[in-house]
Amino acid sequence: MKQLTAKEVENLLCQGTQLNIIDVREVDEVKEGKINAAMNIPLGLIEARMSELDKSKEYIIVCRSGGRSGRACQFLKSRGFNVINIVGGMLDWEGEME
């Protein structure tokens with residue numbers, strides 16, 4: 001599984017790189033703050049909302065610590081998506097949040 005650190009993702013965003021970030025935390029967790037560019041699709045809804053995703057794009061997946069995002073990456077990869085897990089998740093995130 002491809003992985004990036006939170007700092008690597010933050011650096012890419014600071015350089016103006018367009019990223020497709022999916023936050024798989026629950027809605028109440030996201031209310032506490034999420035990466036500005038991220039869309040929220042809770043892990044339990046990934047399968048139901050796969051149709052919203054484009055297999056030609058690369059998606060960076062984040063959760064609180066990296067576990068749920070790892071499971072989401074495995075699931076999406078098995079369905080033909082190009083995904084990268086943020087190791088350490090939001091616990092390691094020091095960048096801007098909304």
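This report describes the sheet, the helices packed on it, the nonpolar cores and a few side-chain pairs of a predicted model.

**The sheet**

Five strands form an open sheet in the order 1-5-4-2-3, and their pairing is parallel. Strand 1 (2-5) and strand 3 (38-40) are the edge strands, each pairing on one side only. On average, neighbouring strands of the sheet are turned by 35 degrees against each other, direction ignored. In general, strands of a sheet pair through backbone hydrogen bonds, either parallel or antiparallel.

Strand 4 (58-62) is paired with strand 5 and with strand 2. Four bridges join strand 4 to strand 5, and the two run parallel. Strand 2 and strand 4 also pair in the parallel sense, over four bridges. The table lists bridge partners that involve strand 4.

| Residue | Stands opposite | Strand of the second residue |
|---|---|---|
| Glutamate 58 | Asparagine 82 | Strand 5 |
| Isoleucine 60 | Isoleucine 84 | Strand 5 |
| Isoleucine 21 | Isoleucine 60 | Strand 4 |

Isoleucine 60 thus appears with isoleucine 84 in strand 5 and with isoleucine 21. Strand 4 is mostly covered, with four of its five residues buried.

**Helices on the sheet**

Helix 1 (residues 6-14) lies across strand 1, strand 2 (20-23), strand 4 and strand 5. Helix 1 runs at about 75 degrees to strand 1. Helix 4 lies across strand 4 and strand 5, and its direction makes an angle of about 170 degrees with strand 5.

**Two nonpolar cores**

The largest nonpolar core has 14 residues, and Ile61 and Leu76 have the most contacts inside it. Strand 4 (58-62) and helix 4 (67-78) each supply at least two residues of this core. Helix 4 gives the largest share, three residues. A second, separate core has 13 residues, among them Ala6, Ile21, Ile60 and Met90.

What does isoleucine 61 touch, not counting residues up to four places away in sequence? Isoleucine 61 touches Ile22, Val24, Ser69, Ala72, Cys73, Leu76, Val83, Ile84, Asn85 and Ile86.

**An aromatic pair and a lysine**

The count of aromatic pairs comes to one. Tyrosine 59 and phenylalanine 81 form this pair, which is edge-to-face, with 6.5 Å centre to centre and 70 degrees between the planes. Tyrosine 59 lies in strand 4 and phenylalanine 81 in the loop between helix 4 and strand 5 (82-87), so the pair ties together parts that are 22 residues apart in sequence.

Are the two residues of the pair buried or exposed? Buried means under 20% relative accessible area. Tyrosine 59, at 5% relative accessibility, therefore counts as buried, and phenylalanine 81, at 7%, counts as buried too. Lysine 55 lies over the face of phenylalanine 81, at 5.4 Å from the ring centre.

**Glutamate 29**

Glutamate 29 belongs to helix 2 (residues 27-30). Leaving aside neighbours within four places in sequence, glutamate 29 is in contact with Arg64 and Arg68. Glutamate 29 and glutamate 10 are 19 residues apart along the chain, and their C-alpha atoms are separated by 20 Å.

Definitions and conventions. Residues numbered from 1 in each chain as written. Predicted model: local features only at pLDDT ≥ 70, side-chain atom pairs only at ≥ 80, totals over all residues. Heavy atoms only, no water. Core = buried A, V, L, I, M, F, W, Y, C linked by side-chain atoms within 4.5 Å. Buried < 20%, exposed > 50% of the residue type's maximum accessible area, 1.4 Å probe, protein only. Contact = heavy atoms within 4.5 Å. Phe/Tyr/Trp six-rings, centres within 6.5 Å; stacked < 30°, edge-to-face > 60°. Lys NZ or Arg CZ within 6 Å of the ring centre and 35° of its normal. Pairing = 2+ DSSP bridges. Axes fitted to C-alpha atoms, helices over the stretch in contact; angles between N-to-C directions.
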